[in-house]
Amino acid sequence: GLAPMTHQALKKGMVGDAITTVGWGRDEKDIFGKELTSIDVTIRSNKECNSHYNGSGNRVEKLAIQSQLPSYIVASQFCADNNINSNVGVCHGDSGGPSFFR
């Protein structure tokens, strides 16, 4: 899914660019990674991400999003997702991991 990431400033021209994100997050069996994994994702506009977060989930999920992202995605953040396989994304425990251009 869409994942917010913090940085100093995102140039508008970078929306749609591909980046690689790496982390030691939990795997499909909910076990913290034994190997460093990487995924390729596409940078999305903050407007698109906020629209997604605002319209997603039931009441409990919306309250969880509002508690973690009270102002949704702000200028110091960007979000990205996989545009080929929606089941591929960052995992719990990947927070703070780097994202980079190849």
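## Asn46 and helix α1

In this predicted model, a polar atom of the side chain of Asn46 lies 3.1 Å from the backbone oxygen of Val74. Asn46 belongs to helix α1, which spans residues 46-55. Apart from neighbours within four places in sequence, the contacts of Asn46 are with Ile73, Val74, Ala75, Gln77 and Phe78. One of these residues, Gln77, is part of strand β4 and is itself buried. Phe78 is likewise a buried residue of β4, on the other side of that strand from Gln77.

Asn46 is one of the buried residues of α1, along with Cys49, Asn50 and Tyr53. These residues lie on the same side of α1, because the arc that they cover around the axis is only 95°. Exposed residues, Lys47 and Gly55, are found on the face of α1 turned away from the buried side. After α1 comes Gly57, which has a positive phi near 75°.

## Overall architecture

The protein is built from two helices and five strands. Read from the N terminus, the order of these elements is β-β-β-α-α-β-β. The protein has 102 residues, and 32% of them are buried.

Contacts between residues at least 6 apart in sequence show how the chain is brought together: 71% of them join residues at least 24 apart. The accessible surface of the protein amounts to about 7,100 Å². Carbon and sulfur atoms account for 52% of that surface.

## Strand β2 and its partners

Strand β2 covers residues 18-23. Five of its six residues are buried, so β2 is largely enclosed by the rest of the structure. Strand β2 pairs with two other strands. With β3 it runs antiparallel, and six bridges join the two; in this pairing, Gly23 stands opposite Thr37 of β3. With strand β5, residues 99-100, the pairing is also antiparallel and has two bridges. Here Thr21 of β2 is found opposite Ser99 of β5.

Val22 offers a view of this region from a single residue. Val22 is located in β2, and its relative accessible area is 13%. Residues under 20% are classed as buried, so Val22 is buried. Beyond its neighbours within four places in sequence, Val22 is in contact with Leu36, Thr37, Ser38, Gly97, Pro98 and Phe100. Between Val22 and Gly96, the C-alpha to C-alpha separation is 9.6 Å, although the two are 74 residues apart in sequence.

## Strand β4 beside strand β3

Strand β4 consists of residues 77-81. Five of its five residues are buried, so the strand is largely enclosed by the rest of the structure. Both faces of β4 are covered. Gln77, Cys79 and Asp81 are buried on one side, while Phe78 and Ala80 are buried on the other.

Strand β3, residues 37-44, pairs with β4 in the antiparallel sense over three bridges. Within this pairing, Ile43 has Ala80 of β4 as its bridge partner. Strand β3 is therefore joined to β2 by six bridges as well as to β4 by three.

## The salt bridge

The structure contains one salt bridge. In it, the side chains of Asp81 and Arg44 meet at 2.5 Å, N to O. The pair links distant parts of the chain, since Asp81 is in β4 and Arg44 is in β3, 37 residues apart.

Asp81 and Arg44 are both buried. For Arg44, the relative accessibility is 15%, and this residue therefore counts as buried. The meeting of the two side chains at 2.5 Å is also a polar contact.

## The loop before β4

The loop between α2, residues 59-68, and β4 contains Tyr72. Tyr72 is not a glycine, yet its phi is positive, at about 55°. Most residues other than glycine have a negative phi.

Technical notes. Residues are numbered from 1 along each chain as its sequence is written. This is a predicted model: local features need pLDDT of at least 70, side-chain atom pairs count only at pLDDT 80 or more; totals for chains, interfaces and linings use all residues. Side-chain values use heavy atoms; hydrogens and water are left out. Helices (H or I, at least four residues) and strands (E, at least two) are DSSP runs, numbered from the N terminus. Buried means under 20% relative accessible area, exposed over 50%, partly exposed in between (1.4 Å probe, protein chains only). Contact means heavy atoms within 4.5 Å. Accessible areas come from the Shrake-Rupley method with a 1.4 Å probe; for residues, only the protein chains shown count as cover. A polar contact is a pair of N or O atoms within 3.5 Å; within protein, one must be able to donate a hydrogen and the other to accept it, and residues adjacent in sequence count only if both atoms are side-chain atoms. A salt bridge is a side-chain nitrogen of Lys or Arg within 4 Å of a carboxyl oxygen of Asp or Glu. The arc is that of the directions from the helix axis to the C-beta atoms. Two strands pair if DSSP finds at least two bridges between them.
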